[in-house]
Amino acid sequence: MVNFFTDWMQYGFMKNAFVAILIITPLFGILGTMIVERRMAFFSDALGHSALTGIAAGLVFGVTDTNLSMALFAVVFALLLNKISSAGTAANDTVISVFSSASIALGLAVLSKGGNFSKYSSLLVGDVLGISKTEIVYLAVIFVLTLVFWIFCFNSLQAVSIHRTLAKTCHIPVRLMENLFAVLTALIVMGSIKWVGILIINALLILPAAASRNISGNLREYHFFSILFSVFSGISGLLVSYFTNVATGPMIVIEASVIYFCTYYYGRRNQ
């Protein structure tokens, strides 16, 4: 029994993946609560899809570092989405859908030229087992930045989420808060995309927070359970994927989905 639980720790790639999961999943748990509350599920999904366009833009402009090109494009993409959405000329979901569709089509068009898209296909499902120690340090820096942002800006961001106009009357820099949150979301999504995958990263952001919302009675419980469910899904998904030889990202999403349906049923039973 002991060997069953410790066998995987003898491999360096599993140790790196475990540490990465311990960093990524709390980030998703924290960020997901605000994404759910602000009804930004489409926004984070569009950011994930824009990763391909970021890589394509890097190829066009000669940027060899794909992480840098994805991050820069995602920041510009997020700020532009915020600006157009706040103009109120169209519904937010319509604007986001248009941007998401256009960006992924453009990225696919550039990357598939000459039949070279196959080398980027791994981004679709991710591979957390391939993460390096240097990349773990990058994720740790993002984690620290997120904590600092949450400590100093959470109350202001929560006020903006509840009532934008009222927040303005309280002298809260609404546009700045929204832009900072958009940039932070973009950096976290792009920093995790290679290890989680474009197709499922939005699910990992939304499911733990949505599951937490099913059973939470106050804001503190909401954040606590979101982080707990996210970390549990990450660790259990990593271990199950190792012993069953299944891709880690999809297995984590399956775990998170099970938790969501369980909390949904529990919440309905105890209303």
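The legends below describe close-up views of a predicted model.

**View 1. The kinked helix H6 and its buried residues.**
Helix H6, which covers residues 133-162, has a kink of about 65° centred on Cys 153. Cys 153 also belongs to the buried residues of H6, a list that includes Ile 136, Leu 139, Ile 142, Thr 146, Phe 149, Trp 150, Phe 154, Leu 157, Gln 158 and Val 160. These buried residues pack against four helices, namely H2 (12-37), H7 (164-169), H8 (174-196) and H10.

**View 2. Trp 150 and the largest nonpolar core.**
The largest nonpolar core holds 69 residues, and those that touch the most other members are Phe 28, Phe 43, Leu 47, Trp 150 and Phe 181. Helix H2 gives this core its largest share, 13 residues. Trp 150, one of the buried residues of H6, is in contact with Ile 30, Thr 33, Met 34, Leu 157, Phe 181 and His 223, when its neighbours within four places in sequence are left aside. Phe 181 therefore appears here both as a contact of Trp 150 and as one of the core residues that touch the most other members, where a core is built from buried nonpolar residues joined through side-chain atoms within 4.5 Å.

**View 3. Ser 230 and Ser 233 in helix H10.**
Ser 230 is found in helix H10, which comprises residues 219-244, and Ser 233 is found in H10 as well. Because its relative accessible area is 4%, under the 20% cut-off, Ser 230 counts as buried; the value for Ser 233 is 2%, so Ser 233 is buried too. With neighbours within four places in sequence left aside, Ser 230 is in contact with Thr 25, Phe 28, Gly 29 and Pro 208. On the corresponding terms, Ser 233 is in contact with Ile 252, Glu 255, Ala 256 and Ile 259.

**View 4. Ala 211 in helix H9.**
Ala 211 has its place in helix H9, made up of residues 201-215, and at 0% relative accessibility Ala 211 counts as buried. Apart from neighbours within four places in sequence, the residues in contact with Ala 211 are Phe 229, Ile 259, Tyr 260 and Thr 263. Ile 259 is thus shown in contact with Ala 211 and also with Ser 233 of the previous view. Leu 176 and Ala 211 are 35 residues apart along the chain, and their C-alpha atoms are separated by 29 Å.

**View 5. The largest cavity.**
Rolling a probe the size of a water molecule over the atoms shows where empty space is left. The count comes to 4 cavities of 30 Å³ or more, and the largest cavity has a volume of about 70 Å³. Its lining is formed by Ile 21, Ile 24, Thr 25, Phe 28, Val 128, Trp 195, Val 196, Leu 204, Thr 248, Gly 249 and Ile 252. At least two residues of this lining come from each of H2, H8 and H11, and the largest share, 4 residues, comes from H2. By class, the lining of the largest cavity has 8 nonpolar and 3 polar residues, with no charged residues. Thr 25 and Phe 28, which are among these lining residues, are also contacts of Ser 230.

**View 6. The second largest pocket.**
The second largest pocket has a volume of about 170 Å³ and is lined by 15 residues, of which Leu 129, Ser 241, Val 246, Ala 247 and Thr 248 lie nearest its centre. The elements that give two or more residues to this lining are H10 and helix H11 (248-269), with the largest share, 3 residues, coming from H10. By class, the lining of the second largest pocket has 9 nonpolar, 5 polar and 1 charged residues. Thr 248 takes part in the lining of this pocket and in that of the largest cavity.

**View 7. Two loop residues with positive phi.**
Most residues other than glycine have a negative phi. His 171, although not a glycine, has a positive phi of about 65°, and Asn 245, likewise a residue other than glycine, has a positive phi near 60°. His 171 lies in the loop between H7 and H8, whereas Asn 245 lies in the loop between H10 and H11. His 171 counts as exposed because its relative accessibility of 73% is over 50%, and Asn 245, at 73% relative accessibility, counts as exposed as well.

Terms used:
Residues are numbered from 1 along each chain as its sequence is written. This is a predicted model: local features need pLDDT of at least 70, side-chain atom pairs count only at pLDDT 80 or more; totals for chains, interfaces and linings use all residues. Side-chain values use heavy atoms; hydrogens and water are left out. Buried means under 20% relative accessible area, exposed over 50%, partly exposed in between (1.4 Å probe, protein chains only). Contact means heavy atoms within 4.5 Å. The bend at a residue is the angle between axes fitted to the seven residues ending there and the seven starting there. On a 1 Å grid over the protein atoms alone, a cavity is a set of points where a 1.4 Å probe fits but cannot get out, and a pocket is an open set with protein on both sides within 12 Å along at least five of seven lines; lining residues have an atom within 4 Å of a point. Grid points are joined across faces, edges and corners, and a volume is the space filled by probe spheres set on the points. Ala, Val, Leu, Ile, Met, Phe, Trp, Tyr, Cys and Pro count as nonpolar, Asp, Glu, Lys and Arg as charged, and the others, Gly among them, as polar.
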